[in-house]
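Here's a quick tour for anyone opening this structure for the first time. Have a look at the picture, then read on.

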Amino acid sequence: MKISESPSTITARLQQKIAGRLRQKGVKPTSIRELVFKILLSNQHPVSLAELESQLETIDKSTIFRTLSLFEQHHLVHAFEDGSGSLKYEACPNPYECLLEDQHIHFYCTGCKKTLCIPSKQIPLVELPKGFAMQSVNYTIKGFCPTCSKSAEKRI
């Protein structure tokens, strides 16, 4: 019979994993950095600075922004513009290397204003002319998500 782990053991193991990932990328783990990264990992969709600020009520906006900037410099997060007027952030899926090939398409719903990941669809690679060097790619499709599409159909 397998004995289940206590919630505190699971939380401690998660904190160790997060701290290890930060160290691996050259970022000193602090309680705030660990908390911000934990929130990024727990969200099922990319989040804006304002969304993070509402989830981290005890941390001021400038600290969250500096933390996100540090994470982006160390390839822990991707940041992209989805057309809503604010950057969205999500944790890089690969804990070891953050490659352009790992980036995926995003969908911005003009109905509910949510940005969703479509990880099964990779961003098509584009061959650039000689002398150009790609650093990042942003591929966002805009339209209605399934829920908003159904709501629009009902109104017709």
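## A pocket to start with

Let's begin with the second largest pocket, which holds about 180 Å³ of space. Its lining counts 13 residues, and L40, L41, N43, E90 and A91 are the ones closest to its centre. Keep in mind as you look around that this is a predicted model.

Which elements each supply at least two residues of that lining? They are α2 and β3. Strand β3 gives the most, with three residues.

## The overall layout

Stepping back, the chain has five helices and six strands. Read from the N terminus, the elements go α-α-β-α-α-β-β-β-β-β-α.

The chain is 156 residues long, and 30% of them count as buried. Now take the contacts in the chain with a separation of 6 or more: 52% of these are between residues 24 or more positions apart.

## The nonpolar core

The largest nonpolar core is made of 20 residues. Those touching the most other members are L22, F37, L40, L52, I64, L68 and F71. Several elements chip in with at least two residues each: helices α1 (7-24), α2 (31-42), α3 (49-55) and α4 (61-73), plus strand β3 (87-91). You've met β3 already, as it also helps line the second largest pocket.

To see how one core member sits, pick L52. What does L52 contact, once its neighbours within four places in sequence are left aside? The list is I39, L40, V47, I64 and L68. L40 is worth a second glance: besides being among the core residues that touch the most other members, L40 is one of the residues closest to the centre of the second largest pocket.

## An arginine in α1

Helix α1 is also where you'll find R21. Is R21 buried or exposed? Its relative accessible area is 14%, so R21 counts as buried, the cut-off being under 20%.

Skipping neighbours within four places in sequence, R21 is in contact with F37, L41, L76, C92, P93, N94 and P95. Two of those names should ring a bell: F37 is in the largest nonpolar core, and L41 is one of the residues closest to the centre of the second largest pocket.

## The β2-β3 hairpin

Strand β2 (residues 77-81) runs antiparallel to β3, and five bridges join the two. One bridge pairs E81 with L87 in β3. Five residues lie between the strands of this hairpin, and G83 there takes a positive phi near 100°.

## A three-stranded sheet

Further along, three strands make an open sheet with mixed pairing, in the order β5-β4-β6. The edges are β5 (115-122) and β6 (140-143); each has a single partner strand, so one side of each is left without a neighbour in the sheet. On average, neighbouring strands here are turned by 30° against each other, direction ignored.

Strand β4 (residues 104-109) pairs with β6 in the parallel sense, over four bridges. Within that pairing, the bridge partner of Y108 is K142 in β6.

## The loop between β5 and β6

One last stop is V126, which sits in the loop between β5 and β6. Is this valine buried or exposed? With a relative accessible area of 54%, V126 is exposed, since the cut-off for that is over 50%.

How far apart in space are V126 and V137, C-alpha to C-alpha? The distance is 9.7 Å, while in sequence V126 and V137 are eleven residues apart.

How values were computed. Residues are numbered from 1 along each chain as its sequence is written. This is a predicted model: local features need pLDDT of at least 70, side-chain atom pairs count only at pLDDT 80 or more; totals for chains, interfaces and linings use all residues. Side-chain values use heavy atoms; hydrogens and water are left out. Two strands pair if DSSP finds at least two bridges between them. Axes are lines fitted to C-alpha atoms, for helices over the stretch in contact, and angles run from 0 to 180 degrees between N-to-C directions. A nonpolar core is a set of buried Ala, Val, Leu, Ile, Met, Phe, Trp, Tyr and Cys residues joined through side-chain atoms within 4.5 Å. Buried means under 20% relative accessible area, exposed over 50%, partly exposed in between (1.4 Å probe, protein chains only). Contact means heavy atoms within 4.5 Å. On a 1 Å grid over the protein atoms alone, a cavity is a set of points where a 1.4 Å probe fits but cannot get out, and a pocket is an open set with protein on both sides within 12 Å along at least five of seven lines; lining residues have an atom within 4 Å of a point. Grid points are joined across faces, edges and corners, and a volume is the space filled by probe spheres set on the points.
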